[in-house]
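User: I have a structure open and would like to go through it piece by piece. Can you take my questions as they come?

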Amino acid sequence: MHSDQSLVDRAKRYDQEAFAQLYEENFDRIYRYIALKIGNQMEAEDLTQQVFMKALKSISSYKWQEVPFSAWLYKIAHNQVVDYLRKKTRQPTTELNEDITVAEDNPYKNVELKVELEQLARALKKLTPLQQEVLALRFSCEMPIAQVAGVMGKNEGAVKALQHSAVQALRRIMVVNRGE
Amino acid sequence: MNREEMNNNFDSVFEKCMEDIVCHNRSLQDCLEAYPEHAGELKPLLVTVAASREAAGVSPREDFKARARYEFYSAVAEIREKQNIPWFRHSMGWVQVGISAVVALMITGGGVIAASGSSLPGQPLYSVKIFAEQIQVGLTFSETARTQLYANLADRRVDEIITLSEDGNIGPVMEANERLGSSFAEMAGTYSGFPGTQQPPALVDSFVDVASAPEGEKVRASVPESFVIEDGDSDTVAGLKNKAVAGYLAIVQRINGAAGTMKAALEETLAVYVQGYENAIKLAREQA
């Protein structure tokens with residue numbers, strides 16, 4: 001039996017060691033995924049905690065489908081982020097400064113960029129939803145392409161092409177916002 | 001090769017480089033050198049990848065993680081209880097040890113903290129240890145006891161720093177230095193208007209207790225003047241000074257065996273440690 005599947009089966013029986021392993025393996029990655037999607041580290045902490053609490057409540061209904069358990073967690077995280085952003089857009093907020101400062105300290109043009117999380121999150125929001133998803137999964141979770149493909153339900157070739165176009169678009173946004 | 005094949009080929013090269021940078025910490029330059037024929041096209045994209053990956057590399061705060069972990073494991077335990085699943089049906093793993101440590105600590109107010117005491121920064125149980133320590137501080141109401149506790153926690157940080165430095169990994173040592181500084185700052189923060197000391201300590205040769213010496217024998221060593229026990233020092237102050245000297249000598253010994261950036265990091269540890277203990281000793285004197 002696949003070790004991940006075995007672990008999840010144990011977690012479904014509320015085996016604490018299995019839960020601990022799944023929790024420790026995924027907590028930081030889910031946090032980074034959420035932080036990148038919403039651009040706010042403090043609120044990402046609360047949402048991450050909610051994701052794991054929801055996972056705990058729903059684990060009994062989880063069905064193994066030949067994709068990593070993390071894919072299920074990302075789905076919960078994704079829904080959590082969507083809910084959060086929907087609620088947030090209903091509230092009057094101060095518009096964030098859209099300028100993205102891309103500093104280049106290196107004498108070689110375009111060799112070194114520096115962006116902050118919030119700036120990256122704002123730039124990502126200008127991409128298509130699929131582009132956002134592929135980059136959020138890759139950058140925040142440091143996932144290999146095969147796993148990203150599994151989470152997104154696509155083949156690897158499609159994900160490769162998607163991430164290429166996503167990084168190109170992200171680059172353009174960064175450069176345009178910098179006023180070049 | 002037609003255009004579609006070329007595109008597919010570039011997508012694969014780009015993916016390989018992205019994987020190397022994102023998943024394997026490979027440098028941008030290495031990737032460009034591996035594919036010189038694509039370097040011109042790859043460079044702006046990989047610069048974007050590297051910068052984005054760095055920006056996305058955030059971590060939740062340690063104290064938040066500890067609290068979230070405790071709440072999560074408590075929720076697991078609660079569900080098990082509701083379902084009447086025996087707590088010890090499975091082997092006693094570190095999770096149970098962690099939860100038991102924190103829960104028992106909350107009930108008893110101290111003494112159980114050692115259950116997670118050997119974990120180091122970066123290890124899963126470490127945040128449980130820090131959380132347990134925070135609870136212990138919260139449950140310590142006497143100013144004298146709290147000063148003693150902070151000093152004990154600082155010594156624990158120093159033990160961690162020395163162990164980490166032996167592994168040669170500079171990052172965790174720097175992080176542990178910050179935690180050490182925070183521990184002393186929290187201690188000073190419990191007393192308003194306490195003056196900090198910024199000057200390097202004046203050293204004197206003195207006969208001091210060291211762990212390696214036979215019991216009852218003192219060893220001559222060069223230590224900060226403020227750490228030398230004087231007539232009239234209370235038991236609390238003398239105890240703090242003994243601890244300060246032990247930690248000071250342990251750090252100095254480790255500095256002598258280190259080189260380069262690790263040596264510099266440990267020198268910073270020493271500076272923070274000396275300043276923190278000088279504050280602790282002054283506080284203990286004021287309380288006496």
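**Helix 7 of chain B and beyond**

Analyst: Gly168(B), just after helix 7 of chain B, takes a positive phi of about 75°. Keep in mind that this is a predicted model.

User: How many residues does helix 7 of chain B have, and what should they span?

Analyst: Helix 7 of chain B has 24 residues, 143-166, and at 1.5 Å a residue they should span 34 Å. The end C-alpha atoms are 35 Å apart, which agrees.

User: At what angle does helix 7 of chain B pack with helix 9 of chain B?

Analyst: The angle is about 10°, and the axes are 11 Å apart. Angles under 35 degrees count as roughly parallel, so helix 7 of chain B is roughly parallel to helix 9 of chain B.

User: Which residues make that contact?

Analyst: From helix 7 of chain B they include Ala151(B), Val158(B) and Ile162(B). Helix 9 of chain B, residues 235-256, gives Leu240(B), Gly247(B) and Ile251(B), among others. The residues of this contact divide into six nonpolar, four polar and three charged.

User: Stepping back, what is the secondary structure of chain B?

Analyst: Chain B has ten helices and two strands. From the N terminus the order is α-α-α-α-α-α-α-α-β-β-α-α.

User: How much of chain B is buried?

Analyst: Of its 288 residues, 35% count as buried. Among contacts in chain B with a separation of 6 or more, 60% are between residues 24 or more positions apart.

User: New topic. How many residues of each chain are in contact with the other?

Analyst: On chain A there are 44 residues in contact with 37 residues of chain B.

User: Which element of chain A gives the largest share of that side?

Analyst: Helix 2 of chain A does, with eleven residues. The side of chain A that touches chain B divides into 22 nonpolar, nine polar and 13 charged residues.

User: And the largest nonpolar core, which residues there touch the most other members?

Analyst: The core has 72 residues, and those touching the most other members are Tyr33(A), Ile34(A), Leu36(A), Leu120(A) and Leu46(B). Its largest share, 13 residues, comes from helix 2 of chain A.

User: What does Leu36(A) touch?

Analyst: Leaving out residues up to four places away in sequence, Leu36(A) touches Leu117(A), Leu120(A), Phe139(A) and Ala56(B), among others.

User: What does the second core include?

Analyst: That separate core of 34 residues includes Leu149(B), Val158(B), Ile161(B) and Phe184(B). Val158(B) also takes part in the contact of helix 7 with helix 9 of chain B.

Technical notes
Residues are numbered from 1 along each chain as its sequence is written. Chains are lettered from A and ligands numbered from 1 in the order in which they are written. This is a predicted model: local features need pLDDT of at least 70, side-chain atom pairs count only at pLDDT 80 or more; totals for chains, interfaces and linings use all residues. Two residues are in contact if their C-beta atoms, placed from the backbone, lie within 7 Å. Helices (H or I, at least four residues) and strands (E, at least two) are DSSP runs, numbered from the N terminus. Ala, Val, Leu, Ile, Met, Phe, Trp, Tyr, Cys and Pro count as nonpolar, Asp, Glu, Lys and Arg as charged, and the others, Gly among them, as polar. A residue is buried if 20 or more other C-beta atoms lie within 10 Å of its own, exposed if 12 or fewer, and partly exposed in between; C-beta atoms are placed from the backbone. A nonpolar core is a set of buried Ala, Val, Leu, Ile, Met, Phe, Trp, Tyr and Cys residues joined through C-beta atoms within 7 Å. The expected span of a helix is 1.5 Å times one less than its number of residues. Axes are lines fitted to C-alpha atoms, for helices over the stretch in contact, and angles run from 0 to 180 degrees between N-to-C directions. Angles under 35 degrees count as roughly parallel, over 145 as roughly antiparallel, 65 to 115 as roughly perpendicular and the rest as oblique.
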